[in-house]
Amino acid sequence: MTKYPVVVLGEVLTPAKDVVTVDEDAQYETAGLYSYARGLFRRPVIFGSETNYRQYNRLRSGQIVYSKLFGWEGAVAYVPDEFDGVHVSHEFPTFEFDDTKLDPGYVRHYVTWPSFHAALSKEASGMGSRRQRVKPERFLSSQIPLPDLVEQRRIADKLDATMGSIARAVQLKKESDALVRQHADSLLRSVDRVAALSSALRVDQDFVDVSSDEKYAVTGIYSFGKGLIKRPVIQGSETAYPRFARLRKGQVVMSKLNAWEGALAVVDESFSGTYVSPEYPVFSLNTETADPEYIGHLLAWPELWSRLTPRGSMVRRKRTTPTTLLSAEVPLPPLEEQRRIGERLTLARRVAEAGAQQIADLEVLRKGLLDAAFSGRL
């Protein structure tokens, strides 16, 4: 293993000078930064009169830009050609680098390295993550391993090849996920028979009084059809709710607050016996008219979510009532047809989940490669 010399970023980066005074009558292409090294993204074009900023930093390809507020969690990027000339506020300091000391490909990969982000986190100021800010002088005081240019280019070439393959795999996963969603949408829309969900569900009332001396395994729900989530076990004295609903396998549970964005799920065996607050209405499933597997896929259907969007007096609080869910009309074919559709969609979902594990494995590989690259082991 070769140990590379280390220098502070201030030795190889200098603040960029391309500052633009905002004209109220001019239009500006603006950008923001994703956290976790996911790069820049475009914001809507705005007029100067629509912003309180009096100056913008104008990005140039090959610069380094970071977010003062979120640099500590990886909101750092190398500016690609397609963002040349786009504007950011002074909350996004920009830097030029000395290409006699730094290879562009090397620094482009370096700013995606999680260990670099962790170092920035240590440099952040403020109380708590919501107030942490990375000031420019602290950003420039962080360190970078600096082998000679030949070695930098060798590292960059190796990372380019492997990271390109990882990026292609991630893109293919996104495309396959889109196909799975389209397949589900097509199957559900092809059903001729429609009925209100009240023909398949009824409100359940299996409540237990909360005792301050007892412990309760509490469950929540992810949005966007991602299912249930186990929360930490709590003492009864830690909640203001006087009672909880106890879940059983095969029930349906929804979030009043987020049902309109897919916070609904069928309870499986692993969540049986856990508890939810009254903010999560629970429903029993009529198995004579509805198949649990089919209903699970139906609850993950964006078209259903759109029908649960709060209206009238509920709009301001964006809350969905049990009555709204039960009155929603959905594709509800005979049981045999439900089982056939459910089996097909479950198979497609399992393929997608296998792909998700592969992407997770590739992310571990990506981080490992970056660790190796900047510690002299690549």
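## Loop, helix and pockets

Visitor: Which backbone oxygen lies 2.9 Å from a polar atom of the side chain of T320?
Guide: This is a predicted model, where local features need pLDDT of at least 70, side-chain atom pairs count only at pLDDT 80 or more, and totals for chains, interfaces and linings use all residues. Residues are numbered from 1 along each chain as its sequence is written, and side-chain values use heavy atoms, leaving out hydrogens and water. With polar contacts being N or O pairs within 3.5 Å (in protein, one able to donate a hydrogen and the other to accept it; sequence-adjacent residues count only if both atoms are side-chain atoms), the partner at 2.9 Å is the backbone oxygen of L308.

Visitor: Is T320 buried or exposed?
Guide: T320 sits in the loop between α6 and α7 (322-327); helices here are DSSP runs of H or I with at least four residues, strands are E runs of at least two, both numbered from the N terminus. Beyond its neighbours within four places in sequence, its contacts (heavy atoms within 4.5 Å) include M254, W260 and P310. Buried means under 20% relative accessible area, exposed over 50%, partly exposed in between (1.4 Å probe, protein chains only). At a relative accessible area of 2%, T320 is therefore buried.

Visitor: How far apart are the end C-alpha atoms of α4?
Guide: The expected span of a helix is 1.5 Å times one less than its number of residues. For the 41 residues of α4 (149-189) that comes to 60 Å, which agrees with the end-to-end separation in the model, 58 Å.

Visitor: What do the buried residues of α4 pack against?
Guide: Those buried residues include I155, L159 and M163, along with E151, K173 and D177. Their packing partners are α1 (104-110), α5 (292-299), β24 (329-331) and α8 (335-374).

Visitor: Which residues are closest to the centre of the largest pocket?
Guide: On a 1 Å grid over the protein atoms alone, a pocket is an open set of points where a 1.4 Å probe fits, with protein on both sides within 12 Å along at least five of seven lines; lining residues have an atom within 4 Å of a point. The largest pocket holds about 1500 Å³. Of its 42 lining residues, the closest to the centre are G225, K226, A300, R349 and E353.

Visitor: Which element gives the largest share of the lining of the second largest pocket?
Guide: That pocket has a volume of about 1000 Å³. Elements giving two or more residues to its lining include α1, α4 and α8. The largest share, 8 residues, comes from α4.

Definitions and conventions. Grid points are joined across faces, edges and corners, and a volume is the space filled by probe spheres set on the points.
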